[in-house]
Amino acid sequence: MKNIKIGVISFEHMHAVSYTTNLLKLPGTQLVGIADADEYRGTQMAARFGTRYYQDYHELLSQDIDGVMICTNNRMHCEVTVDAARAGKHILVEKPFAVDPASAERMLRAAHDNDVRIMNAFPVRFNPNVKQAKQIVDSGKIGRIVSITGINHGKIPCGWFIDPALSGGGGVMDHTVHLADLMRYFTGSEFKNIYCESGDLIHNRHIDDCGIVAAQMESGAIATIDCSWAHHKNYPIWPQVDMEIIGTKGSLNLKAFAQVNHLIDPEGDLLEDIVWNEDGDAGLVREFVDVCRTGREPNASGADGARALEVAVAAYESTRTHARVDVQHIQTAF
């Protein structure tokens, strides 16, 4: 079995720790290095994971590696992805895929022109409960999907996540894409039009933290997405992905993070739900390593990331105009 060499570019995004931890558990893989513009953070992470630190990610890209996991702020996704593609490295980029359609097209074109695979970080696709739900839907047991309601709540993050110049948006950008991707995944259909109301309604941090997206899909199915940063700081869980999928023959209720242990520490004033089943990160990283090994197209491709981004972009336009907006499709084939 070919030994796969991977680099990680930036630990700006919190998921980088989990992805790197899961990478080191896989046989036949090697973490070649970590690049991070923040020297303190980068050296700390390199020491933690027993690898070499590079302040300039271009130096990491010049090494003998098969692929990179990109966990920068959202605004940097395009620049780093294009550079990685030109260096001939396969790419796993954190979600959202990009902050605007033009950047998404540039990233996809760079991957195509340099014959590398590009994957978007949609770990929920690899969550065991979601995988089982997908099998049930594909079996035809609930018939043709006519409606999906989805909730992706979480706590408000900090730092660059609430700086629109670096994040591209708030809760609508951060959380719509996960459910939009799953809805496409389950229905096999693209989104047709969007109506959304969103705003800074909860935390007063001058960025959208609450939103409801109502959508019609090209298949005729209707869908809603609650993408709010609605969990207060003492809420016991961070991740929440719940869906009700209604078909012509039956319905399916999905709770992606249902397997939890309740941790209560009254002395530390701590109440926390700890997911004990595989949350999806391990499956995501396994998929990326196999893509690097085989060169095949990934599940949760860059094109999938671009399609989910379309929904968030349309949602913001609908919020601005208070009108229904047709989804403008990003070019994904070159």
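Which residue of strand 4 is the bridge partner of I9? I looked it up, and the partner is I70.

**Ground rules**

I am working with a predicted model, where local features need pLDDT of at least 70, side-chain atom pairs count only at pLDDT 80 or more, and totals for chains, interfaces and linings use all residues. I number residues from 1 along each chain as its sequence is written, and side-chain values use heavy atoms, with hydrogens and water left out.

**Entry: the whole chain**

I began with the overall count, and the protein chain has ten helices and 15 strands. Helices (H or I, at least four residues) and strands (E, at least two) are DSSP runs, numbered from the N terminus.

I then checked the radius of gyration, which is taken over C-alpha atoms. The chain has 19 Å, which agrees with a compact globule, because 334 residues would give a value near 20 Å. The globule rule here is 2.2 Å times the number of residues to the power 0.38. Along the principal axes, the C-alpha atoms fill a box of roughly 60 × 50 × 40 Å.

Of the 334 residues, 55% are buried. For me, buried means under 20% relative accessible area, exposed over 50%, and partly exposed in between (1.4 Å probe, protein chains only). The chain exposes about 14,300 Å², and carbon and sulfur atoms supply 50% of that area. Accessible areas come from the Shrake-Rupley method with a 1.4 Å probe; for residues, only the protein chains shown count as cover.

I also looked at contacts, meaning heavy atoms within 4.5 Å. Among those in the chain with a separation of 6 or more, 71% join residues 24 or more positions apart.

**Entry: strand 4 and its neighbours**

Back to the strand I opened with. Strand 4 (residues 67-70) pairs in the parallel sense with strand 1 (residues 4-9) over four bridges. It also pairs in the parallel sense with strand 5 (residues 90-93), again over four bridges, and there M69 stands opposite L92. I call two strands paired if DSSP finds at least two bridges between them. Strands of a sheet pair through backbone hydrogen bonds, either parallel or antiparallel.

Are the faces of strand 4 covered or open? Both are covered: G67 and M69 are buried on one side, and V68 and I70 are buried on the other.

I followed the chain on to T72, in the loop between strand 4 and helix 4 (77-86). T72 counts as buried because its relative accessibility is 4%. Leaving aside neighbours within four places in sequence, T72 is in contact with I9, S10, E12, H13, H77, V80 and W160. So I9 turns up twice in my notes, as the bridge partner of I70 and as a contact of T72.

**Entry: the seven-stranded sheet**

I traced an open sheet of seven strands in the order 12-11-7-10-9-8-15, with mixed pairing. Its edge strands are strand 12 (251-255) and strand 15 (325-326), each pairing on one side only.

At one edge, strand 11 (residues 240-247) and strand 12 run antiparallel and are joined by five bridges. A hairpin connects them through three residues, and I245 stands opposite L252. Which side chains of strand 12 are buried? L252 and L254 are, and they point to one face, while S251, N253 and K255 point to the other and are not buried.

Further in, strand 9 (residues 210-217) and strand 10 (residues 222-226) also run antiparallel with five bridges. Here A215 stands opposite A223.

I then turned to M183 in helix 8 (residues 171-187), which is buried because its relative accessible area is 0%. Not counting residues up to four places away in sequence, M183 touches several residues, including M217, A223, T224, I225 and M243. M183 and I245 are 62 residues apart in sequence and 9.2 Å apart in space, C-alpha to C-alpha.

**Entry: backbone oddities**

I noted a cis peptide bond between K95 and P96, with omega about -10°. P96 sits in the loop between strand 5 and helix 5 (101-113).

D115 is not a glycine, yet its phi is positive at about 55°. I found D115 in the loop between helix 5 and strand 6 (118-120), exposed with a relative accessible area of 55%.

H322 is not a glycine either, and its phi is also positive, about 55°. H322 lies in the loop between helix 10 (302-321) and strand 15, and counts as exposed at 52% relative accessibility.
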